Every structure is written in structure tokens, then in C-alpha cells.
Amino acid sequence: MQVKSVPTKPVEGQKPGTSGLRKKTRQFMQPGYLENFVQAIWNAIGGVSGKTLVLGGDGRFFNDRAAQIILRMAAASGAARVIVGQGALLSTPAASNLIRQRGADGGIILSASHNPGGADADFGVKYNTANGGPAPESVTAAIHEASERLDHYLTLEAPDIDLSRPRTTGLGAMAVEVVDPVTDYATLMEKLFDFNAIRALLQGGYQLRFDAMHAVTGPYAVEILERRLGAAPGSVINATPLPDFGQGHPDPNPVWAKPLYDAIFGPDAPDFAAASDGDGDRNMILGRGIYVGPSDSLAVLAANAHLCPGYAGGVRGVARSMPTSRAVDRVAAARGWSCFATPTGWKFFGNLLDAGMITLCGEESFGTGSDHVREKDGLWAVLMWLNILAATRQSVAGLLAAHWAEFGRSWYSRHDYEAVDAAAAEALIADLRAALPDLPGQQAGALTVSEAAEFAYTDPVDGSRAERQGLEIGFVGGARTVLRLSGTGTEGATLRVYLESHEASPTGTDTQAALAPVIAAVEALAGIRARTGRDAPDVIT
Ligand code: G16
């Protein structure tokens, strides 16, 4: 088998965003596009010669083709071994686990996460480092730089490898080890959670529904929830991963997982329901008649973590992304844990987890996780909820009511304006940024601004600095808002507006009504309607 050096030129815009490089699938399929980015990764990490890598993806359109291209490129550049999920499938948390368990040097995950899949939808490539986590900013910057200096890439002239069954085979001098994508991950979950207690709960007639949204968690959920824990067959719905996710949008939130969300408020609602996203790292938690917001979910998991065997030794500390609600801060304060606020993006938790400074972390964007891997983990969150529900024998609604009674309630919502004209969105942010110093003391609707600043973060472990991570405006009385532009969209700009207020003894149930003064204050300060031409957000979560 011959190594081939293919001359190439740098392509514009191969700059990894919040979570790897995410573009339209057709762009990735252009000859040389994927190859250029992969070669840029190799170049940025000092080559792959002699290294062991993990490879897999969420099964979306082009996943299988991309895996073959990457295998040939790894072999051509001298990699010693690639551990690849059967059928080129691996959920993001399972890939993180494999990298760690096998002591691999890193891994490539093929996914555009919760974005739709298909020839006319989205594709993505993420590089994870040896700790199993998303590449930090220093590495993504090096990849981008390498992508701008590329003049050739290396590949092997070789036929496709059969990835349809577990076995080890060779590609040139490189070993290709095809592994079952589920087994190691399921074993890890059995160590962290009390499977006997969950099994007893489920066998006592407790009804569970898990929506895999035709994405990668289907096989994981069937194995763990139905086979190992004894949930009734059919409890996992939309369980077969499809290249276009059944034409759905595999994003587990009330908008995109609407059938599940509606079912929980319907007459035949199960006791507990959950959904996960394209690559299995996000989660949405629901209980009969109640939706659990991601920020509340993190707070409840932290407050009850000691009930799960993997966390019985206690929680060392917690972290949340800055726009995530402060519900978990109140738990941390009550328990005497340290609590960190990081920029949006799971990579910012990596150093805190590696240094043993935090045990649990989470984000408002439906991500929760712990030190068991270095990615957020959808099914892990579902199992932790089930373990806590089994241990307390409370309903989801009962557990939340008890939590709010103890810590008060953080009313929280995110308003998204999608595919907004990029220039208009950037101008909105730039103008508000310029106005920040003058905002304190200013009246905004019924509220008065108390503080306003652009969030910047100094990593407490390595001192690295991340600037311009969102505009944060606080109001007298403790409410706040954050505005930032998404780093994961593929069309125009997505403006995210995060809204929060706190009530010590909560009464109502309507989140948007509770937040109405904050919503009006943001409009008064930022003029979103006039500047974007939108009357209302596209998505409210
Ligand atoms: C990715 C990151 C998350 C982050 C989210 C934010 O999620 O992994 O840590 O919270 O992006 O997205 P945006 O920049 O659009 O607000 P995922 O699930 O897409 O990998």
C-alpha cells in the first residue's frame, strides 16, 4: 500500500468553534475539505506517528465515508493503532471514556452534535486530547493556524476497511481495532450507579420513556435501560440511529423533542422521561407533569449526588458555564463546596476536572457531567436521576419541590434568535459592549442595572485567558441577563439571550411570566426587535 502526498491549498474558515469544526455536509464532502482539516489536526499535534487514536461518530450522513478517509490518513502518517467503534459509531461520552480507558493519545469524533444530519444538513469533526476532553483553545488555535499553512496531505492508497464487526485488522502498518461501542461505557455506568436499586424501581411498575431521537444513544439506551436494568421493551423510542435522524432535529429540548415533552403532560404520561441528542452528550429530563430545566437538573444532581455509589465519597466542587443559572451555586454555598463559573464550552471544565477541583459540572445547553469522563454525558445524567429517584422514592415533581423549598427557585430561560443576519447580530453585540460601562444605575423597564461587564476567564489551573465570553448585565434585586453569539451555528448568526431571577419562596409556575421584567429590560437595553427584525425568539428553552 502506497502513501500518497496530495498537493493542496489552505481552505478558508477551518476555524474550530465551541465544539470542533461544524459546517454544511456538502462542504465537508468537497474533495480535500475533510482531508485538509484532518491533516491540520495531525500537524498541530506534532503528527500521529506511533500514536493510538480513538475514532467514531454519531452515525449521521457521511459518518461512514469520513471514517474511512480518516483511517487512511492516520495510516499514511504513521499512527500505530486506531480504535474505532463498530459501524464507525461512538457516542461522544463513550469516545471520551475509550480514550481514557485505553490510554489513547487522542481521538476524532464525527458529529455536529444536535444539528440535523443529511446531505443538505450539518457535519462536524471534533478532536479530543489524551484526557478524553475537547481540545483546549491552545490546541484549536494551533489547528486553525496549521489549516492556514497547508500545502499537502498524506493518505494511503487502500480499499475501505470492514467496520461491521469487532476484530483487529491492519491498514498498512497500522492496527485497526473495531470495538463494540457500548460495552465499556455500560460497564462504567454500572460502577457509578446502583443498578440493583434502579432495577427494583423499574420492576415495581415505574414507567420510563427514553427518546433516542434516531441518534447514537439508541443502542446504548437499549442495552443499559432495557437489557441491563429491565425497563419494559419499547421504553426506548426512536432507538435506531439513522443518517438523517429520521429527518428530525436531534436536540433534546421542549421544542425539538416536542412529542416526548407533550406526552409528559398528557393523560398517559410515564413517571420519568428523557431524551438525548445526536452524539449522546446532551440530555433533557422530564417527570410526569413537569419539565426539569438543565440548570435545575445540575443543582438537583449535585445536591443528591451522595445517594449514588460513584459519588458516595462526596463532591469536591462544582462548575457551571457562566450563562447557566446560579441554582447550583446555592447548593455549593450550602454544602461548602467551591463553585466555578467558566465560559460556554465543555473544554473549559477539563482542567478543573483533571486537577480534581470539581466532581460535577454542567451547562444550560442541556449538558451535565462529572469526572467520570471529560465530556458531558446524556445517558449518565438519566441514570443519575434514576438512581436518585430510586433512592428517595420521590416523584420528579416531588424532588424538585423539595429542592426549591430548600434553596429557592432560580427562574431561568434562554431565548434564541436563529439565522439572524450576521452583521446585524455582531453590531448589536458591539454596541451593547461599548455601552456596558455606562449601564450601572440606568433604568431598563421596571429594573435598574446594578452591574454590567463582558465575561473573561482566567483558568485557575494553567492561567490561560479567554476574553469576550458574553455580555453579563445584573439588576438590582439579583436578576441578570447574558447575551452572546452562538459558536455552533452553521447559518448566519444565532443570538442567545439568557434570563435569570431568583425567588426564595417560589409561588407561580410560569417561567416566562416570572421573567417578564427581565425580558422587558433586555429589550430596552439591546433593542433586539428593531435590530434583528424579529418579533419573537425562534426557540425558547
Ligand atoms: C457545544 C459545546 C457545549 C456548549 C455548546 C454551546 O455543545 O460542547 O459545551 O455549551 O456548544 O453552544 P453555542 O455556542 O451554540 O451556545 P454541543 O452539544 O453542540 O457539542
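In the predicted model, the domain assignment of the protein divides the chain into domain 1, covering residues 2-180, domain 2, covering residues 185-407, and domain 3, covering residues 409-540. The centres of domain 1 and domain 2, taken over C-alpha atoms, are separated by 28 Å.

The interface of domain 1 and domain 2 was then examined. On the side of domain 1, 33 residues are in contact with domain 2, and on the side of domain 2, 33 residues take part in these contacts. Between them the two domains bury about 2400 Å², and 57% of this area lies on carbon and sulfur atoms.

Polar and charged pairs across the interface were also counted. The count between domain 1 and domain 2 is 2 salt bridges, and a salt bridge is formed by Lys126 with Asp279, whose closest N and O atoms are 2.9 Å apart. Across the interface of domain 1 and domain 2, 11 residue pairs are found in polar contact, with both residues of each pair at pLDDT 80 or more. On the side of domain 1 that touches domain 2, helix H4 (92-101) and strand S6 (122-129) each supply at least two residues, and the largest share of that side, 6 residues, comes from H4. When the residues of that side of domain 1 are sorted by character, 10 are nonpolar, 18 are polar and 5 are charged.

The surroundings of the ligand were considered next. The ligand is surrounded by 18 residues, the closest of which are Glu363, Arg484, Ser486, Thr488 and Arg496. Polar side-chain atoms also approach oxygen atoms of the ligand: for His114, a polar side-chain atom lies 3.2 Å from an oxygen atom of the ligand, while for Ser365 the corresponding distance from a polar side-chain atom to an oxygen atom of the ligand is 2.8 Å. In the case of Lys376, an N or O atom in the side chain is 2.7 Å from an oxygen atom of the ligand.

Definitions and conventions: Residues numbered from 1 in each chain as written. Predicted model: local features only at pLDDT ≥ 70, side-chain atom pairs only at ≥ 80, totals over all residues. Heavy atoms only, no water. Domains from an automatic or database assignment. Contact = heavy atoms within 4.5 Å. Buried area = accessible area lost by both parts, 1.4 Å probe. Salt bridge = Lys/Arg side-chain N within 4 Å of Asp/Glu carboxyl O. Polar contact = N/O pair within 3.5 Å; in protein donor to acceptor, adjacent residues only side chain to side chain. Helix = DSSP H or I, 4+ residues; strand = E, 2+ residues; numbered from the N terminus. Nonpolar A, V, L, I, M, F, W, Y, C, P; charged D, E, K, R; others polar. Near = heavy atom within 4 Å.
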